[in-house]
Amino acid sequence: MIYFDNSATTMADPAVVDTYDKVSAAVWGNPSSLHNFGEQAFNLLEQSRKQIADLLGVNLSEILFTSGGTEGDNWVVKGTAIAKRQFGNHLITTAVEHPAVHNSMEQLKQLGFEVTYLPVDDEGRISANDLRNAIRPTTILVSTMAVNNEIGAIQPLDDIAAVMRDFPKVHWHIDAVQGIGKGLHDHLFNDRVDFMTFSGHKFHAPRGIGFIYKRQGRTLAPLLTGGGQERNLRSGTENVPAIAAMAKALRLILTDEKAKVEKQQAIRMAIYNHIKEFPKVTIFSRDDPVFAPHILCFAISGVRGETIVHAFEDHGIYMSTTSACSSKKGVESSTLKAMNVDTGIANSAVRVSLDEHNTLAEAEKFNQVFDELYQEFDKLD
Amino acid sequence: MDYSEIMVRYGELSTKGKNKKTFIRQLGDNVARALHQFPDVEVKARFDRLHVSLNGTDSAPVIDRLKQVFGIENFSPVMKVEKNIEAIKAEAVSLVQDRFQPGDTFKADTRRQDKDFPLDTYKVNDEVGGAILANVAGSSVKMKQPTITVRIDIRMDGAYLSVDNIPGAGGLPVGTGGHGVMMLSGGIDSPVASYYGLRRGVKLDMVHFFSPPYTSQQALAKAKQLTSVLAKYSGGINFIQVPFTHIQEEIKERVPEGYLMTIQRRMMLRLTAAIAEQRDALGIFNGEALGQVASQTLESMAAINDVTTLPILRPLVSLDKTEIIKVAENIGTYDLSILPYEDCCTIFTPPAPKTRPRIDKSRKYEALIDVDGLMAEAMANVTVTHIKPDENFLNQDEDIFAELL
């Protein structure tokens with residue numbers, strides 16, 4: 001099997017699963033219990049938090065655990081709307097966000113909030129100028145993704161930070177789910193960002209665990225209220241085995257990050273350079289550092305994305321029609337639509353997404369299969 | 001940036017006249033101790049400044065450590081370059097370029113120890129200023145309060161350039177202000193009071209009362225952990241634990257309820273004073289803030305203070321709780337202080353303690369217990385632990401967990 005669908009989910013690292021199992025078996029006390037068995041779980045929870053904070057170079061209190069990317073996005077968007085309602089009712093985001101942000105914004109619209117969706121250019125990126133012009137006195141939040149999950153475009157984070165520096169009271173959220181371990185640390189952890197969302201299973205941790213970064217002193221209303229866990233901001237008994245496993249997964253993904261990024265980039269370019277020669281191929285991801293090293297989105301005109309995915313599957317190669325979340329619903333790619341890509345070609349789009357375990361040999365195999373399938377598809381005409 | 005050294009400027013101690021030598025030597029020792037984990041770093045305490053040579057050590061963690069050493073006014077990471085004007089100009093341009101934001105203004109400020117250097121200070125300022133103006137787009141010169149000051153020190157062994165001026169912790173070097181004991185409970189206030197005591201140069205020993213089984217091992221571990229955090233500011237602290245169970249039980253049994261708290265505090269203070277005398281300490285510090293709770297009214301303080309003639313220093317006396325919390329957060333003790341373990345101040349608290357106890361009544365009720373016998377018993381069972389920065393008392397499994405993570 002060649003697994004090229006790492007933006008959908010990654011394989012849980014065996015060493016990480018091992019930590020999960022050991023903690024589940026041995027440290028299963030409730031971190032809130034007063035006795036020393038609970039204390040032990042509390043200590044492991046906090047040691048995991050410290051490891052994550054240290055790896056990312058932030059304060060301990062700035063890391064809050066969630067159930068994953070969807071919760072993180074929902075929390076920051078809606079939690080900000082609740083906490084900052086008295087300061088304004090306007091939120092800004094981009095036209096290419098993940099549904100977790102997009103649909104949270106839509107829900108807020110129904111409650112009377114105003115939302116501006118910033119348009120993107122033909123590379124899927126917003127312009128900092130548009131952002132500056134969209135900010136109003138009533139704006140409370142700007143939410144931008146780091147790396148687009150469908151085509152891999154990296155938003156101009158440095159330029160956005162420069163704009164946001166002029167509006168210190170407006171909170172800025174980066175959905176960094178696709179951005180971890182991809183060599184973007186200095187752009188993500190800039191001096192201006194207030195919130196960031198991360199998801200464990202995108203970097204070899206188990207499902208159902210994630211965290212947000214919340215800059216010290218920023219207010220955010222809880223969505224899950226209850227027993228007061230996570231500094232009274234996110235109630236619910238902490239998932240200590242998954243949290244410990246995620247701390248380990250983060251350490252592993254960030255070890256030799258540069259070499260891993262270069263490897264993925266080389267694999268991506270091997271495929272890119274091969275398929276770009278075919279007349280019916282349109283590549284939406286560019287050969288440019290403003291695109292993430294691990295995502296390649298392309299279309300073969302006249303063939304539905306679904307058909308391409310299944311044809312590759314028959315050769316043991318797994319990929320997605322753009323995002324995994326929307327692929328089963330048969331809806332067209334929202335990112336490509338926002339880029340004004342013609343619906344016909346958008347319906348033919350598929351996404352290859354890599355991780356550090358993929359190899360150049362797999363890219364070669366992919367290219368061979370591609371040649372074969374392209375000829376077959378050509379006959380369909 | 002690969003800085004070659006960090007130049008440390010002294011604070012108040014430059015005004016201390018004849019004592020200055022002692023202060024500088026102590027600060028040199030304290031800095032060396034704070035940086036002991038970096039084997040290649042060299043510390044040289046000179047009369048005018050202290051120099052930390054990095055010898056290839058990454059500057060960021062060294063800077064973090066230096067920020068916690070009392071007696072430092074400010075410090076600057078410094079680049080050493082060859083002593084020729086072209087090298088100086090190039091480095092100055094790169095330093096300014098690195099941090100330039102639109103609207104910034106700068107000046108060059110040269111000092112010349114090496115009087116044989118071909119250019120005088122005016123000429124160096126002129127050349128460097130010109131180079132920056134020419135190479136950093138949008139930069140302009142401002143002599144008074146520029147946003148960036150490029151300092152150039154031309155010494156015998158090279159030219160030293162710096163632009164950042166990082167504020168230090170201020171205060172006086174720990175050890176220059178004598179020796180005191182601190183009553184450390186584990187709450188929010190006493191660690192902050194300890195911080196302020198250390199900041200004025202006093203070497204503090206921590207006195208902690210514990211009452212098993214009414215207080216847990218975790219409460220003791222928490223007090224030790226707090227001491228370990230505070231040890232970052234002083235290099236290492238003696239932690240003195242005093243068993244208090246029997247005394248509390250006796251007081252509870254014999255003393256009228258309204259005076260339970262006052263008599264307990266008197267016994268604590270008496271024990272602390274005895275420990276201070278034993279250890280040649282000259283004063284007692286505590287975390288009291290006037291009017292905060294029943295034991296901290298002026299009347300209470302008078303009734304409790306009655307048992308000793310040693311000076312009692314209360315660094316927090318007129319601070320509000322919110323101000324104390326802010327400091328606790330900044331010095332890294334708050335999160336520990338709020339861990340929910342009972343300490344011996346909170347158990348046996350009467351529902352309505354006297355907020356205005358009288359000295360004569362306190363003395364009378366105290367006679368109901370065997371003060372000397374209880375004192376002797378507690379003093380015989382005191383244990384002393386030396387606590388270093390970064391020791392871990394709360395998480396016994398840290399190493400096992402580290403394997404898992």
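Start by selecting B:Arg270, B:Leu271 and B:Ala274 in helix H8(B), then add B:Met375, B:Ala378 and B:Met379 in helix H13(B): these two sets of residues meet each other. Keep in mind as you look around that this is a predicted model. Try colouring your selection by residue class: the contact of H8(B) with H13(B) has 5 nonpolar residues, no polar ones and 1 charged residue.

Next, widen the selection to the whole helices. H8 covers residues 260-278 of chain B, and H13 covers residues 371-380 of chain B. Two packed helices are described by the angle between their axes and the distance between the axes. Here the angle is about 55°, and the axes are 11 Å apart. Is this pair parallel, perpendicular or oblique? That angle makes H8(B) oblique to H13(B). Turn the view and look at the handedness too: H8(B) and H13(B) cross in a right-handed way.

Stay in chain B and select residues 60-165. An unreviewed UniProt entry lists this span as "domain: THUMP". Colour the span by secondary structure: 35% of it is helix and 31% is strand. Now click on the C-alpha atoms at the two ends of residues 60-165 in chain B, which lie 14 Å apart.

Finally, move over to chain A and show all of it. How many helices and strands does chain A have? There are 15 helices and 12 strands in chain A. The radius of gyration of chain A is 21 Å, close to the 21 Å that the globule rule gives for 381 residues, so chain A is as compact as a globular protein of that length. Rotate the C-alpha trace of chain A to see its extent along the principal axes, about 70 × 50 × 35 Å.

Terms used:
Residues numbered from 1 in each chain as written. Chains lettered and ligands numbered in written order. Predicted model: local features only at pLDDT ≥ 70, side-chain atom pairs only at ≥ 80, totals over all residues. UniProt positions renumbered as here; feature names shortened; annotations may be inferred. Helix = DSSP H or I, 4+ residues; strand = E, 2+ residues; numbered from the N terminus. Axes fitted to C-alpha atoms, helices over the stretch in contact; angles between N-to-C directions. Parallel < 35°, antiparallel > 145°, perpendicular 65-115°, else oblique. Left-handed = near helix turned anticlockwise from the far one by under 90°. Contact = placed C-beta atoms within 7 Å. Nonpolar A, V, L, I, M, F, W, Y, C, P; charged D, E, K, R; others polar. Rg over C-alpha atoms; globule rule 2.2 N^0.38 Å.
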